[in-house]
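Hello,

Here is the structure we talked about. Please look it over, then read the notes below.

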Amino acid sequence: MYDIDKVRGDFPILAREVNGKPLVYLDNGASAQKPRAVIEAVTKAYSEEYANVHRGLHYLSNLATDKYEAVRGIMARFLGAGSEEEIVFTSGTTEAINLVAYGWAMPRMGEGDEIVLSVAEHHANIVPWHFLRERQGVKLVWVETEPDGSLDAEKVIAAITPRTKLVAVTHVSNVLGTVVDVKRITEGAQAQGVPVLVDGSQGAVHMPVDVQEIGCDFYPVTGHKLYGPSGSGAIYIKRERMAEMRPFMGGGDMIREVSREAVSYNDPPMMFEAGTPGIVQTIGLGVALEYLMELGMDNVAAHEARLASYARERFKEMNWLNVQGDAPGKAAIFSMTIEGAGHAHDISTILDQKGIAVRAGHHCAHPLMTHLGLTATARASFGLYNTTEEVDKLVEGLELAHRLLG
Ligand code: PMP
């Protein structure tokens, strides 16, 4: 049984008011709130257990290193990786995808090689590939979403040619909530010898993930959406791919020896972790992952599916509300416009007056917005602590926005 009152009680910020109204936090797609366990772990790490990791031989450094390194195993368990050596810590998904672009893709792609992407990608899974297009003549091949916002896995597979070197697709769209059949895409791509990167920024937040079952080669996640600290994150990299990678950033910790003439590198995954990392952020992320595993990601997914279907029912009553994407099984992420209402920012401002936090804008997904013929939407994205009562408050707020703007 999912005890929503207990879950809400775990998140101190949910007790506060905004603009004189109880906070209704529906901006989880941008960043999620933190449970007390994470806040306390971060405070404890700084108050009692802080030092730099990996380098010291003193007590606190060893303690911090043990706590930090333990998160590699927790992350491996959370993602279903075969080994913690397949986990590289990063500051988030953006750094993780850049690591793949610089460390794996750049040395092995040249003029005319192709990367298959969907139009529903976040800029973090587009711009690093544009670097390869600009600098090395790599061609970006785009697959469009269907009218219901779904991404047809067969169309992604059909876009693969003998020149394709990588398929990079999101697990869940941060704008439409569409869940992509990344297992089928991976199967189809790998049958043609093409590795697959699945952007797990939104996927790992909303459902249980097993990277070995998906079979993908790269699966980045970001800590701040997983109810952990910002500046933390990781990427699962299949062992064979990691062996093919060259280092991305150079500096301390990623080396074995440095002389005037030469440098030799640490073993992977350390080879890809240069400099002092987000020590406490990562320790906090480990606690967030344990919190999620204790709740059970299948329970989280079931709770959010109930919220999504309730919201979809309520939105159907509002014939002036345009919700983008209605793909079956979509995650509880709703991008909306109101007929006749000027800009999505106005919707968000009106909702804010009611204490309801949503995001308005292009959601770092320009190609998708262009495909949808929109410049901006107001996005309500639900998390594990949201309730059907909050859906009702959102509906009331949208009705007010419609009266004022429509
Ligand atoms: N990909 C997707 C699908 C996202 O939603 C986001 C965050 N909005 C990112 C990538 C970027 O992640 P980060 O915040 O870790 O840079």
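**Domain contact**

In this predicted model, 24 residues of domain 1 are in contact with 22 residues of domain 2. On the domain 1 side, the elements that give two or more residues are α12 (297–316), β14 (333–338) and α14 (366–372). Helix α12 has the largest share there, with 5 residues. By type, the domain 1 side that touches domain 2 divides into 12 nonpolar, 7 polar and 5 charged residues.

The bounds are as follows. Domain 1 covers 4–30 + 296–405, and domain 2 covers 40–294. Taken over C-alpha atoms, the centres of the two domains are 28 Å apart.

**Helix pair**

Next, α13 (residues 344–353) and α15 (residues 388–405). Their axes come within 9 Å and cross at roughly 125°. The angle falls between 115 and 145 degrees, so α13 is oblique to α15. The crossing is right-handed.

Which residues of α13 and α15 meet? From α13 come D346, I347, I350 and L351; from α15 come G397, L400, A401, L404 and L405. The residues of this contact divide into 7 nonpolar, 1 polar and 1 charged.

**Ligand shell**

The ligand is surrounded by 14 residues. The closest are G92, T94, H122, N174 and T222. Of the shell residues, 11 are polar, 2 are nonpolar and 1 is charged.

Best wishes

Terms used
Residues numbered from 1 in each chain as written. Predicted model: local features only at pLDDT ≥ 70, side-chain atom pairs only at ≥ 80, totals over all residues. Near = placed C-beta within 6 Å. Nonpolar A, V, L, I, M, F, W, Y, C, P; charged D, E, K, R; others polar. Axes fitted to C-alpha atoms, helices over the stretch in contact; angles between N-to-C directions. Helix = DSSP H or I, 4+ residues; strand = E, 2+ residues; numbered from the N terminus. Parallel < 35°, antiparallel > 145°, perpendicular 65-115°, else oblique. Left-handed = near helix turned anticlockwise from the far one by under 90°. Contact = placed C-beta atoms within 7 Å. Domains from an automatic or database assignment.
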